[in-house]
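Biologist: I should like to learn how the packing and pairing of side chains are read from a model. Might we take the features one at a time?

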Amino acid sequence: QVSLEESGGGLVQTGGSLRLSCLLFGRTRNIYTVGWFRQAPGQEREFVAHIQWSGDSTNYADSVKGRFTVSRDNAKNTVDLQMNSLKPDDTAIYYCAAYMFGSREYDYWGQGTQVTVSS
């Protein structure tokens, strides 16, 4: 069992930056990757980025490449998402999720944090 808690959301102007943090609790040694997803009003949830929990591999959605950076600190059990050059289209609820070894999907999800980018 793993629990996740996001923080760092807020209101920012176009071109601004925010840093989201995901704090993980529980059986973190069984985590394969930690991902960030987002859901805008009236839209389906979409993948943003992920990072291996015990490696260096990262992956990003095309829409955020070059602007967002995902990083982790295993000692603190955190995964951060640095978001730069924010656009109004980035407005959404952002969720972090854990993909466990042996699983076929993201198993555990946080409650989400709201990011609003004003034009």
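Modeller: Let us begin with one residue. Leaving aside neighbours within four places in sequence, Val34 is in contact with Leu24, Ala49, His50, Ile51, Trp53, Val79, Ala97 and Tyr106. Please bear in mind throughout that this is a predicted model.

Biologist: Where is Val34 found, and is Val34 buried or exposed?

Modeller: Val34 is found in strand 4. The relative accessible area of Val34 is 0%, so this residue counts as buried.

Biologist: How far apart are Val34 and Leu20 in sequence and in space?

Modeller: They are separated by 14 residues in sequence, and their C-alpha atoms are 13 Å apart in space.

Biologist: Which residues does Val79 touch, not counting those up to four places away in sequence?

Modeller: The partners of Val79 include Leu20, Cys22, Leu24, Val34, Trp36, Ile51, Trp53 and Val70. Ser21, Ser71 and Arg72 are also among them.

Biologist: How does one move from single contacts to a core, and which residues of the largest nonpolar core touch the most other members?

Modeller: One follows the side-chain contacts between buried nonpolar residues. Here the largest nonpolar core has 31 residues, and those touching the most other members are Leu24, Trp36, Val79, Leu81, Met83 and Tyr94. At least two core residues come from each of strand 1 (2-7), strand 3 (18-26), strand 4, strand 5 (46-52), strand 7 (68-73), strand 8 (78-83), strand 9 (92-100) and strand 11 (113-118).

Biologist: Which strand gives the most to this core?

Modeller: That is strand 9, with five residues.

Biologist: How should a pair of aromatic rings be described?

Modeller: A pair of aromatic rings is described by two values, the distance of the centres and the angle of the planes. In this model the count comes to seven aromatic pairs. One of them is formed by Phe37 and Trp109, with 4.9 Å from centre to centre and 55° between the planes, and this pair is tilted. Phe37 belongs to strand 4 (residues 31-39) and Trp109 to strand 10 (residues 106-109), so the pair ties together parts that lie 72 residues apart in sequence.

Biologist: How is the angle used to tell one class of pair from another, for instance with Tyr99 and Tyr106?

Modeller: Planes over 60 degrees apart count as edge-to-face. The planes of Tyr99 and Tyr106 stand at 85°, with the ring centres 5.3 Å apart, so this pair is edge-to-face.

Biologist: What are the relative accessibilities of Phe37, Trp109 and Tyr106?

Modeller: Phe37 is buried at 11%, and Tyr106 counts as buried at 17%. Trp109, at 28%, counts as partly exposed.

Biologist: Which residues do the ring pairs link into a cluster?

Modeller: The cluster is made up of Tyr32, Phe37, Phe47, Tyr99, Phe101, Tyr106 and Trp109.

Biologist: A ring may also have a charged group over its face. Over which rings does Arg45 lie?

Modeller: The charged end of Arg45 sits over the ring of Trp109, at 3.7 Å from its centre. Arg45 also lies over the face of Tyr95, where the distance to the ring centre is 5.5 Å.

Biologist: Let us turn to charged pairs. How many salt bridges does the count come to?

Modeller: The count comes to five salt bridges. To read one, look at the distance between nitrogen and oxygen: for Arg38 and Glu46, the side chains meet at 2.6 Å. Arg38 also forms a salt bridge with Asp90, where the closest N and O atoms are 2.9 Å apart. This second pair links distant parts of the chain, because Asp90 is in the loop between strand 8 and strand 9 while Arg38 is in strand 4, 52 residues apart.

Biologist: Are Arg38, Glu46 and Asp90 buried or exposed?

Modeller: Arg38 is buried, at 5% relative accessible area, and Asp90 counts as buried at 2%. Glu46 counts as partly exposed at 35%.

Biologist: How do Asp62 and Lys65 pair?

Modeller: Asp62 and Lys65 form a salt bridge with the closest N and O atoms 3.2 Å apart. Asp62 is exposed at 67%, and Lys65 is partly exposed at 48%. Elsewhere, salt bridges with shared partners join Arg38, Glu46, Arg67 and Asp90 into one network.

Biologist: Finally, what does the side chain of Ser103 reach?

Modeller: The side chain of Ser103 reaches the backbone oxygen of Glu105 at 2.9 Å. Ser103 is found in the loop between strand 9 and strand 10, and Ser103 is buried, with a relative accessible area of 18%.

Key
Residues numbered from 1 in each chain as written. Predicted model: local features only at pLDDT ≥ 70, side-chain atom pairs only at ≥ 80, totals over all residues. Heavy atoms only, no water. Phe/Tyr/Trp six-rings, centres within 6.5 Å; stacked < 30°, edge-to-face > 60°. Helix = DSSP H or I, 4+ residues; strand = E, 2+ residues; numbered from the N terminus. Buried < 20%, exposed > 50% of the residue type's maximum accessible area, 1.4 Å probe, protein only. Lys NZ or Arg CZ within 6 Å of the ring centre and 35° of its normal. Core = buried A, V, L, I, M, F, W, Y, C linked by side-chain atoms within 4.5 Å. Contact = heavy atoms within 4.5 Å. Salt bridge = Lys/Arg side-chain N within 4 Å of Asp/Glu carboxyl O. Polar contact = N/O pair within 3.5 Å; in protein donor to acceptor, adjacent residues only side chain to side chain.
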